Amino acid sequence: MIEPKPLFPGARVALVAPSSAVPEEKLQPALELVQSLGMEPVPYPSCYYVNRDGYFAAKDAQRAADITDAFADDTIDGVWCIRGGYGAHRLVPLLELDIIRDNPKWFGGYSDITALHTAFNQLCDLETYHCTMPSTEPHPNEYTMGYLKKALFGGLSGALSNPEDQPLRTLVPGSAEGILCGGNLSLLVDSIGTPWEIDCKGKILFLEDIGEKTHRIDGMLTQLRNAGKFADCAGIILGAWTDCPPEIPERTLTLTEVFDQLIVPAGKPAVMDLACGHCSTTMALPLGRMCRLNADSCEISVKEGE
C-alpha cells in the first residue's frame, strides 16, 4: 500500500466535488477552512454551483476529470473532497486509475466518497483518509479538528480515542489485526458486483451510515453477510449511526438487535460506537493502514506511518 506524503503549510490542495453540488454560500467558508490550516485551496470546476447537473456537482465527465487532473498536476499536493452527497460510484469507470496510481497524493473525504476510497485502496494501492470535508463541516470542533490535522499533516497513528464521554462498547470479544477498510455502509453495499467490490479478507471492516431506517440497515448488513464479507473480515468496527431510528418502535428491531443477529454470529471481534461518521464530533481514519483491534478492552490502534 502506498502511503501518501503528508501535507504541509503552503501546500496546494485541490478541492473537488465528486458527488453533489456545493451550495454557493458554502464555497467561501470551505476555502477559508483550508486557508486557516495554512494551505492554499485550489477549487476545481465541480466546486462551482453554476456547473451542476441536476443533483450532481457537474456532469460525470467533468467530476471525473477534476479528480484525474488533480492527481496528474505536479503543482497539487493533495486532493480533498469538498463534500459528499451522491454520485461517486458513477465516476470510478471514468477515472484514469493508472494516473492516480503513478501520482500518489493525499486524498480525503467521507460519506459518498467511500466509493473512491474503496477504488483507490484496492485498485491503486493508495492509502486514503476518511475525514471531515470543507463545505460539510467548515467549523470543526476541537476534537474533530485535532484528528483532521493529524490526517492532513501526519501523526494519525497509535491509539484512536473516543471523546471521554463516549465510550466504545464490546459487541464481540477478541482481538484482530488487519488493514483498515470500509466507510459508509450503503456505498459499500453498492460496490458489490463491481470491479472495486469491497474486499474484506483478513481486514478490519469499519461501517457507519446516516438517514437510514432500521430495516434498511438490516437489509444492507444482510447483503454484506450473504456476500461473505463478515466471514472474510478479521474484525469489525461500528461507527456512528446518525438519524437511523426504528420506524415503528413497538414492533421494530433496534440497531443493537440487528447487530446481534447479523454481525455477532460471524464471531469476529467487534466494537461499536466509534466516534466516526456523519457526526459533528468525528475522528479521522487512515484507510489502507494496518489496524489492531482489541474488542475485550475496546482499544483500537493504527500503525505508525512510514
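Here a colleague quizzes a modeller about charges and cysteines in this predicted model.

Colleague: What makes E40 and R12 a salt bridge?

Modeller: Their side chains meet at 3.5 Å, N to O. The cut-off is within 4 Å, so the pair counts as a salt bridge.

Colleague: And which parts of the chain does that pair tie together?

Modeller: E40 sits in strand β2 (residues 40-43) and R12 in strand β1 (residues 12-16), so the link joins parts that are 28 residues apart in sequence.

Colleague: How do you know that K229 and E197 form one too?

Modeller: Same kind of check: N to O is 2.8 Å for K229 and E197, and the limit is 4 Å. K229 belongs to helix α8 (residues 229-232), while E197 is in the loop between α6 (185-191) and β9 (204-210).

Colleague: Why is K229 called buried?

Modeller: Its relative accessibility is 6%. Buried means under 20%, so K229 fits. E197, at 26%, counts as partly exposed, because that label covers values between 20% and 50%.

Colleague: How do you know that C233 is in no disulfide?

Modeller: Look at the nearest cysteine sulfur, that of C200: it's 6.1 Å away. A disulfide needs the two sulfur atoms within 2.5 Å, so C233 doesn't qualify. For C298, the nearest cysteine sulfur is that of C291, 13 Å away, so no disulfide there either. A search of the whole structure finds 0 disulfides.

Colleague: Is C233 buried or exposed?

Modeller: Buried, because its relative accessible area is 2% and the cut-off is under 20%.

Conventions:
Residues numbered from 1 in each chain as written. Predicted model: local features only at pLDDT ≥ 70, side-chain atom pairs only at ≥ 80, totals over all residues. Heavy atoms only, no water. Buried < 20%, exposed > 50% of the residue type's maximum accessible area, 1.4 Å probe, protein only. Helix = DSSP H or I, 4+ residues; strand = E, 2+ residues; numbered from the N terminus.
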